[in-house]
Amino acid sequence: MDHSPVVRRDLSLAYRLSSVVAFLMAAASLAGLLFSSVAYPSEELRRSFISNDVVNLFIGLPILLGSLWFARRGSLLGLLFWPGALLYTTYNYIAYTVAMLLSWQFVLFLALVLLSVYALYLLLAGLDAAVVQARLKGKVPERFTGGALVVFGILILLLAIGALAPALTGQSQASWAELAARVADLLLVPAWLVCGVLLWRRRALGYLAGVGLLFQASMLFVGLLIFFILQPLVAGVPFPVADFVTVAVMSLICFIPFGLFLRGVAAK
């Protein structure tokens, strides 16, 4: 077994930036909940983002802080989950940024995206993908999990195109917040597809980023299911049974391979 250190560069700046991201996420979410009429001036925005602020506080923030806590203690899982937590934040606040381009919160949301991306870059540059590959090769289902990431990426790509194309041609009445989420999908699709192919081919970067992307995708599904549960309470709309069941079934695309990959990492 390879006992070489996974961390090859100092990650102090990545820790500090991730901590700033966590603080800003908490501040933005609390502001959205406590001052919703100011933060989200339209009914459409409140319906879309108040529930999401709750999800960010109880899903996004804990997974980021938990990843940081375990990574500081030298946990391989913590180090591998950390990129996924940052990608979760990046995805969410891309949607916020696009949906609120002309608002005063735009700078805060854009700062969250840029800080998350830069922290992610520092983190991946500071980890030794070859060492992660040596530790995990043959112990995780590379082909199954890589294929799942590719299938998930293609599915999200098709859903995003299906939502954006009618809107661009004037054939859809989808809300701007919904379209912003689809823009976030399109921007993250390349990561899922490329990493899935790399993991399928057993390349080093696939091992390093694979579990993080599966973690991010799984948490996005968890967050979306919680969002559906909260909508009737927050927005006063009927519970979307069909959407909830559809998303719950779709989530198995990520939950099953993520569980298998996680078991392989833990067994290592």
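## A look around an eleven-helix model

Arg182 sits in helix 8. This is a predicted model, and Arg182 is a handy place to start the tour. With a relative accessible area of 23%, Arg182 is partly exposed. Setting aside residues up to four places off in sequence, its contacts are Tyr91, Leu159, Ala160, Ala163 and Leu164. Val21 is 161 residues away from Arg182 in sequence, and the two C-alpha atoms are 23 Å apart in space.

### The whole protein

Let's step back for a moment. The protein has 11 helices and zero strands, so the run of elements from the N terminus reads α-α-α-α-α-α-α-α-α-α-α. How does its radius of gyration compare with the globule rule? The radius of gyration is 18 Å, close to the 18 Å that the rule gives for 268 residues, so the protein is as compact as a globular protein of that length. Along the principal axes, the C-alpha atoms fill a box of roughly 55 × 35 × 30 Å.

Of the 268 residues, 50% count as buried. The accessible surface adds up to about 12200 Å², and carbon and sulfur atoms own 71% of that. Among contacts with a separation of 6 or more, 79% are between residues 24 or more positions apart. As for charge, there are 17 positive and 10 negative ones, and their mean positions lie 13 Å apart.

### Helix 4: Leu86 and Asn92

Two residues of helix 4 are worth a stop. Leu86 is in this helix, and at 0% relative accessible area Leu86 is buried. Not counting residues up to four places away in sequence, Leu86 touches Ser18, Leu64, Ser116, Ala119, Leu120 and Leu123. Val189 is 103 residues from Leu86 along the chain, with 15 Å between their C-alpha atoms.

Asn92 belongs to helix 4 too, which spans residues 76-99. Is this asparagine buried or exposed? Asn92 counts as buried, with 7% relative accessibility. Beyond its neighbours up to four places away in sequence, Asn92 touches two other asparagines, Asn52 and Asn56, along with Leu220.

### Phe152, Ile253 and the cysteines

Now for helix 7, which covers residues 142-168 and holds Phe152. Phe152 is buried at 3% relative accessible area. Leaving out residues up to four places away in sequence, Phe152 touches Trp192, Ala217, Phe221, Ile253 and Cys254. Ala167 is 15 residues from Phe152 in sequence and 23 Å from it in space, C-alpha to C-alpha.

Ile253 returns that contact from helix 11, residues 252-267. Apart from neighbours within four places in sequence, Ile253 is in contact with Ala148, Phe152 and Leu155. Unlike a buried residue, Ile253 is partly exposed, with a relative accessible area of 24%. Its C-alpha atom is 18 Å from that of Gly206, which is 47 residues away along the chain.

Cys254, another contact of Phe152, raises the matter of disulfides. How many does the model have? The count comes to zero. A disulfide is a covalent bond between the sulfur atoms of two cysteines, and the sulfurs have to be within 2.5 Å to count as one here. The sulfur of Cys195 has its closest cysteine sulfur in Cys254, and at 12 Å that is too far for a bond. Seen from the other side, Cys254 is in no disulfide either, with the sulfur of Cys195 as the nearest, 12 Å away. Both cysteines are tucked away from solvent by the accessibility figures: Cys195 counts as buried at 5%, and Cys254 counts as buried at 1%.

### A loop residue with a positive phi

Arg202 lies in the loop between helix 8 (176-200) and helix 9 (204-234). What is notable about its phi? Phi of Arg202 is near 60 degrees, a positive value in a residue other than glycine. Most residues other than glycine have a negative phi. Arg202 is partly exposed, with a relative accessible area of 32%.

### Accessibility side by side

Here are some of the residues from the tour, for quick reference.

| Residue | Relative accessible area | Class |
|---|---|---|
| Leu86 | 0% | buried |
| Asn92 | 7% | buried |
| Phe152 | 3% | buried |
| Arg182 | 23% | partly exposed |
| Arg202 | 32% | partly exposed |
| Ile253 | 24% | partly exposed |

Key:
Residues numbered from 1 in each chain as written. Predicted model: local features only at pLDDT ≥ 70, side-chain atom pairs only at ≥ 80, totals over all residues. Heavy atoms only, no water. Buried < 20%, exposed > 50% of the residue type's maximum accessible area, 1.4 Å probe, protein only. Helix = DSSP H or I, 4+ residues; strand = E, 2+ residues; numbered from the N terminus. Rg over C-alpha atoms; globule rule 2.2 N^0.38 Å. Contact = heavy atoms within 4.5 Å. Areas by Shrake-Rupley, 256 points an atom, 1.4 Å probe, with all protein chains shown as cover. Lys, Arg positive; Asp, Glu negative; His and termini not counted. Charge placed at Lys NZ, Arg CZ, Asp CG, Glu CD.
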